[in-house]
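Please read the following report with the sequence and the structure side by side, and look up each residue as it is mentioned. The account moves from aromatic rings to sheets, helices and cores.

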Amino acid sequence: MKMNLKKLCTLGTLLAFFSGIYAQSFIWISSTDNNVWKETKTKLQADSQNIPLLSVDGTENIQIFKKWGTCFNELGWDALNMLPPKEQDAVLNNLFSPDGDLRFSMGRIPMNANDYARNWYSCDEVPGDFQLKYFNINRDKTTLIPYIKRVQRINPDMTFWASPWSPPSWMKVNNYYSVRSNAEVNQLPAKHEIALYEGTDNVDKTFYPKQVAVNDYFIQDTRYLQAYANYFCKFVSAYQEEGVAISRVMFQNEPWAYSIYPACAWTPEGIIRFNVEYFAPTIKKQHPGVQVYLGTLNTNRIELVEKVLSDPRMKDAVEGVGFQWWGGQILPEIRKKYPDYKYMQTESECGSGTFDWKAAEHTFNLISHYLGNGCEEYTFWNAILCDAGTSGWGWKQNALIRVDSKTASVTYTPEYYAVKHFSNKVVSGTKVLQYKAKGEDKLPVVIFLTPEKRYLVVAANFNDEPKNLTVKLGDKFLDVTLKAHSFNTFSMK
C-alpha cells in the first residue's frame, strides 16, 4: 500500500510537470512607445513553417536567477519627497512590493558619496584617523537610511550590498575624492592628475579605459589598507545597528573609471593586495556572514581582469564577481574561464537623460545579455530622479521613474516597462534556459522555466517593421509576429 501511494505521488508530480510544460495557452503582454503593457492571448502550435530562433526542452540551464534590485541614492530620495505621500507610497509599492510591478528585493548602498549624492561626503574625513574614532554614518541617517526604512516596510525580505565610489579623501594619494580635475565641478588641481598615467601613451580606442592607470590612487601602506578594511566593517556594523543587514560588500565601484566625481583608480596589483591581504580576511573575521565579491568591474581589458582572477589566492578571498558597463563585454569569456565564481550585474547603464524608447531598448538588451551570460542578480541604477536627471556633478542620466519638480507628478518611463517585461515575471528561482543576442535581426530573446515548471519567453523587436518570432518549446512552437519596436513577455496560463 505504501509503495502504491508512493508511485501515485510520483505520477502526480510528473503529470503536474508535463501539464505545465505542454500547456497550450499563453498570456502575451506587449509594449510599444505610448502603448504599454497590453495583454492578449496566444497558443502554441503543433508545427511551424519557420526555423526556430531557439529550441528548448526544459533541461537547459544557463543559471537560476535570484534577484532584481536598485541603488539607493540621495537624489532619488529627494525626488521621491517631491511627491504627495500617497504618490510616494504608490511609487515605492510599484518598485519594491513582492506583488508590485518590478518586484525589486535587493538594494545597493553606496559607502560614502556616489555621483548621485547631493555632494561629496564620507564617514570619516579626519586625516590620519587610523583608529576610525571619528567614523559615523550621521549623513546616511538623514537620507539613505530613511529611504531604506520606507522600502523595508513594503518588503521586509529586502537584502543589501554595499560598495564605495571613493575612500575618504585622506586615504588617497591626491587627497581628494575624484581622480580627474574639472574646474566647473570640483576643486582638484590639474597637476594632481600626474599620478594617473606617468607619461604612458598606450592608447587604444577599442578598449576602456583608453589609458590604464599605472598607480593606485589608494595609498598602498599597511596602515591605510588595514584601516580601510576596518572602515568597511564599521560601516556594516553601523547599518546593522539601524536594522539594515548588509550581506555583501565589494571593494570599489569601477576601479577603472577615472572620473571627476567620487572615484578611485586601482591597479591589478593593488586590487589583489587589498582584497587578499586586508579586505577579505578582515570582513571574514569581523563579519563572517557577509559575502565578499570582486567588483564592480567596468573594464573590457580582459588582461587586467585576468591578472586579478588568475592569482590563486583570489578564489579564497571572493565568492563572486560583479560586472557593469564595459565589463559586461568580457563577461562571457571570463565566466567560461572561471566557472566556479558567482556572477552578478552591478549597475545598469544610465543613458543621458533622454528618457526615451531608444534608451529603453538599450536597457532591455543589457538585461538579456547579462541574464543570458550567467548573472544571478541584476542591479539597476537610479530608480527615481527628477526633471532632467542631473547629478550633483552636472551630468544627466535616465531613471525608471521621473518626477516633475514643478507639478509633483510622476512619469513611468519607457525604461520602466523594459524592466517590467522581465522582473514582473522572472521571479527568484526561475531558470534561464537559453538566450539569443539581438544580432543583425535585432530580435533579442530569453527563454526561462519558472519554479512552477512553466515556460516563459521574453523577446523584443528593435526593427522599424513587424518581425516574426518562432521558438520551439518542447515539441510545440510559439509562432507570433512582434510589433515594430516592441517588448514582449509570453507566460503560460
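Are phenylalanine 72 and phenylalanine 96 buried or exposed? In this predicted model, both phenylalanine 72 and phenylalanine 96 are buried.

**Aromatic rings**

A pair of aromatic rings is described by the distance of the centres and the angle of the planes. The count of aromatic pairs comes to 44 here, and one of them joins phenylalanine 65 to tryptophan 68 in a tilted arrangement, with 4.5 Å from centre to centre and 45° between the planes. Phenylalanine 65 counts as buried because its relative accessibility is 1%, and tryptophan 68 counts as buried because its relative accessibility is 3%. Phenylalanine 72 and phenylalanine 96 form a stacked pair, with centres 5.9 Å apart and planes at 10° to each other. This stacked pair links distant parts of the chain, since phenylalanine 72 sits in the loop between strand E5 (67-71) and helix H2 (74-80), whereas phenylalanine 96 belongs to helix H3 (residues 85-96), with the two positions 24 residues apart in the numbering.

Charged side chains also meet rings in this model: arginine 248 lies over the face of tyrosine 293, at 4.1 Å from the ring centre, and lysine 420 lies over the face of tryptophan 37, at 4.2 Å from the ring centre.

**The sheet of seven strands**

An open sheet of 7 strands, with antiparallel pairing, follows the order E2-E1-E21-E18-E17-E16-E4. Its edge strands are E2 and strand E4 (63-64), each of which pairs on one side only. Strand E1 (residues 25-32) is mostly covered, as 6 of its 8 residues are buried. The following table lists some of the antiparallel strand pairs in the model.

| Strand | Partner strand | Bridges |
|---|---|---|
| E1 | E2 (residues 35-43) | 7 bridges |
| E1 | E21 (residues 486-492) | 6 bridges |
| E17 (residues 445-449) | E18 (residues 455-461) | 5 bridges |
| E19 (residues 467-473) | E20 | 7 bridges |

Serine 30 helps to follow these pairings residue by residue: its bridge partner in E2 is lysine 38, while its bridge partner in E21 is asparagine 488. The hairpin of E1 and E2 has 2 residues between the strands, and in this hairpin asparagine 34 takes a positive phi near 70°. Elsewhere in the sheet, valine 445 stands opposite alanine 459 in E18.

Isoleucine 27 also has its place in strand E1. If neighbours within four places in sequence are left aside, isoleucine 27 is in contact with Glu39, Thr40, Thr489, Phe490, Ser491 and Lys493. Isoleucine 27 and aspartate 78, by contrast, are 51 residues apart in sequence and 38 Å apart in space, C-alpha to C-alpha.

Helices accompany this sheet. Helix H12 (residues 357-372) lies across E1, E4, strand E16 (431-436), E17, E18 and E21, and runs at about 45° to E21. Helix H13 (residues 414-423) packs on the sheet as well, touching E1, E2, E17, E18 and E21, and its direction makes about 25° with that of E21.

**The sheet of three strands**

An open sheet of 3 strands has the order E3-E19-E20, with mixed pairing. Strand E3 (54-56) and strand E20 (476-482) are its edge strands, and each pairs on one side only. The twist from one strand to the next averages 20°. Lysine 472 stands opposite phenylalanine 477 in E20.

**An enclosed helix and the cores**

Why is helix H9 (residues 302-309) described as largely enclosed by the rest of the structure? The description applies because 6 of its 8 residues are buried, namely Ile302, Leu304, Val305, Glu306, Val308 and Leu309. What covers these buried residues includes helix H8 (268-286), strand E9 (291-297), helix H10 (314-317), strand E10 (320-324) and helix H11 (331-337).

The largest nonpolar core has 134 residues, and those with the most contacts inside it are Trp68, Leu95, Phe235, Tyr239, Phe274 and Ile384. Helix H7 (residues 222-241) supplies the largest share of this core, 12 residues. Apart from this core lies another, of 21 residues, among them Leu449, Ala459, Leu469 and Val480. Phenylalanine 274, leaving aside its neighbours within four places in sequence, is in contact with Leu225, Tyr228, Ala229, Phe232, Phe251, Trp266, Phe279 and Ala280.

Notes: Residues are numbered from 1 along each chain as its sequence is written. This is a predicted model: local features need pLDDT of at least 70, side-chain atom pairs count only at pLDDT 80 or more; totals for chains, interfaces and linings use all residues. Side-chain values use heavy atoms; hydrogens and water are left out. A nonpolar core is a set of buried Ala, Val, Leu, Ile, Met, Phe, Trp, Tyr and Cys residues joined through side-chain atoms within 4.5 Å. Buried means under 20% relative accessible area, exposed over 50%, partly exposed in between (1.4 Å probe, protein chains only). Helices (H or I, at least four residues) and strands (E, at least two) are DSSP runs, numbered from the N terminus. Contact means heavy atoms within 4.5 Å. Rings of Phe, Tyr and Trp (its six-membered ring) pair if their centres lie within 6.5 Å; planes under 30 degrees apart count as stacked, over 60 as edge-to-face and the rest as tilted. A charge sits over a ring if NZ of Lys or CZ of Arg is within 6 Å of the ring centre and within 35 degrees of the ring normal. Two strands pair if DSSP finds at least two bridges between them. Axes are lines fitted to C-alpha atoms, for helices over the stretch in contact, and angles run from 0 to 180 degrees between N-to-C directions.
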